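Biologist: Please take a close look at one part of this model, the nonpolar interior, and describe how its members are arranged.

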Amino acid sequence: MRYEQMDASSIASAVTRGEVSAVEAVSASLDRIGSLEPRLNALITVMEERALERAAYVDGQVASGCDPGPLAGVPVVVKDNMCTRGVRTTCGSRILGDWEPPYDAAVVELFEKAGAVIVGKSNMDEFAMGSSTEHSYFGPASNPRDISRVPGGSSGGSAASAAAGYVPIALGSDTGGSIRQPAAFCGVHGLKPTYGMVSRWGLVAFASSLDQIGPFGRSVGDIALAMDVISSHDPRDSTCSRRERPSFRDGASSPAVKGMRIGIVREFLEGPLDPSLKRSIEGTASVLVSSGCAMVEVSLEESASFGLPCYYIIAPAEASSNLARFDGVRYGFREEAPDLVSQFTRTRSSGFGEEVKRRILTGTFVLSSGYYDAYYLTALKVRKRICEEFDRAFRSVDVILMPVAPSLPFRKGDLLDDPISMYMSDVFTLPVNLAGLPGMTVFTGLEPSGLPTSVQLVAPRWQDRRLIECAAVIEERFGCPPVAEGGAL
């Protein structure tokens, strides 16, 4: 089997047994990147030298009889808003320039401790603000299933890397759907964990009460393996829970779904939804019913009506505060000017892209004197009601089944001049972040056009393993996502 078609577990087992070397696995990944990257632009930085050095270290561990870890020699990609010591971390923005962090993010440490080899930093919407990976200073990324279309965003480069076979596992961040929506667009699985399940230490902040790191993969088993590695308490992140984590791999290998109550959201099926995605929901429901689940209709009327405006008050408000640190004085890009105020103005005006400036201005406005109560405080009250609505729904169901996005992946440029329509592509994912819940995109097949379909599963807080179990049953019926070859229609 070709390396790009192997899952992480198979690669790690082969490396641990000495059947292949980590250097061979990483070299194959780098070759795959070299052949497709000119068309996909999924990566901002390829870490070839560091990756080969790290792979040689893993091989040394194997040769000496040491346990190289559960991800031994597995090539991985991380989103370029996760700090990597000595390797530039740009967040897809000019304003960070060639900034090289002096430390690794917690998830990077955990991946490397588990034997994984980071081969690249993925392209993304600038500071994770976008739904198409077109808002990147380094140019737009392409969907490997059809390069005329977007890979989704903001973690589009990570999703594309997993779909194209660069790596079996990639990491993204999800503030309002930025793992689940690109996973759906690129045709892979993607999990946004419960807020506080995975450490955000070393993740460059967008909206601190919403951001969460999670994995992409072409198999549910790889998603589970990644979660077992990265979901641990980290005292450096005050929002990271101390609670005991479950075994996600056990959930993937022995799914216990019989008797689960699956909620179908009435409002999300009545609104604008591509017919193929509605059929995917119906087909997935049939699969779960045949596995012993019961379907229950639930209502999320407030989430459907107010999730989008609530999010686009809270997230920009937090972004306005978080991005104030990028001023050209301490690190990153700087415009020279005769005085400090002019330097701030020039640096931020030319260093940030249009979408980031739009959200900073929005956030500053809703936090300003005279508008704080009317907008920001009202949005916090709505957020509480959305949380309560989900809590009510989960009294009668164990998992909620709903769409990921209203449409199949759209063509590049179609929504660039229409920010409201762009924001609408996350209408089904935003409420999940507002409530701090775990959500997962599960691949359900390819249309005759070659474009992928998927569903979204949502569980109560800290019940992430339920998503893995349901996803394993769905994958058994629909199969693992195939590797994409970066073609065009």
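Modeller: Leucine 71 is a good place to begin: beyond residues up to four places away in sequence, leucine 71 touches Ala8, Ala12, Phe111, Ala114, Gly115, Ala116, Ile169, Leu225 and Val229, where contact means heavy atoms within 4.5 Å. The model is predicted, so local features need pLDDT of at least 70 and side-chain atom pairs count only at pLDDT 80 or more, while totals for chains, interfaces and linings use all residues. Residues are numbered from 1 along each chain as its sequence is written, and side-chain values use heavy atoms, with hydrogens and water left out.

Leu71, Phe111, Tyr166 and Ile468 touch the most other members of the largest nonpolar core, which has 88 residues. Such a core is a set of buried Ala, Val, Leu, Ile, Met, Phe, Trp, Tyr and Cys residues joined through side-chain atoms within 4.5 Å; buried means under 20% relative accessible area, exposed over 50%, and partly exposed in between, with a 1.4 Å probe and protein chains only. Helix 7 (residues 220-230) gives the most to this core, namely 8 residues; helices are DSSP runs of H or I with at least four residues, numbered from the N terminus. Another core of 55 residues lies apart from the largest one, and its members include Met129, Tyr312, Val432 and Leu434.

Asparagine 433 belongs to helix 16 (residues 430-434). Asparagine 433 counts as buried because its relative accessibility is 1%. Leaving aside neighbours within four places in sequence, the contacts of asparagine 433 are Asp174, Thr175, Gly176, Gly177, Arg180, Lys192, Leu210 and Arg383.

Terms used
Helix = DSSP H or I, 4+ residues; strand = E, 2+ residues; numbered from the N terminus.
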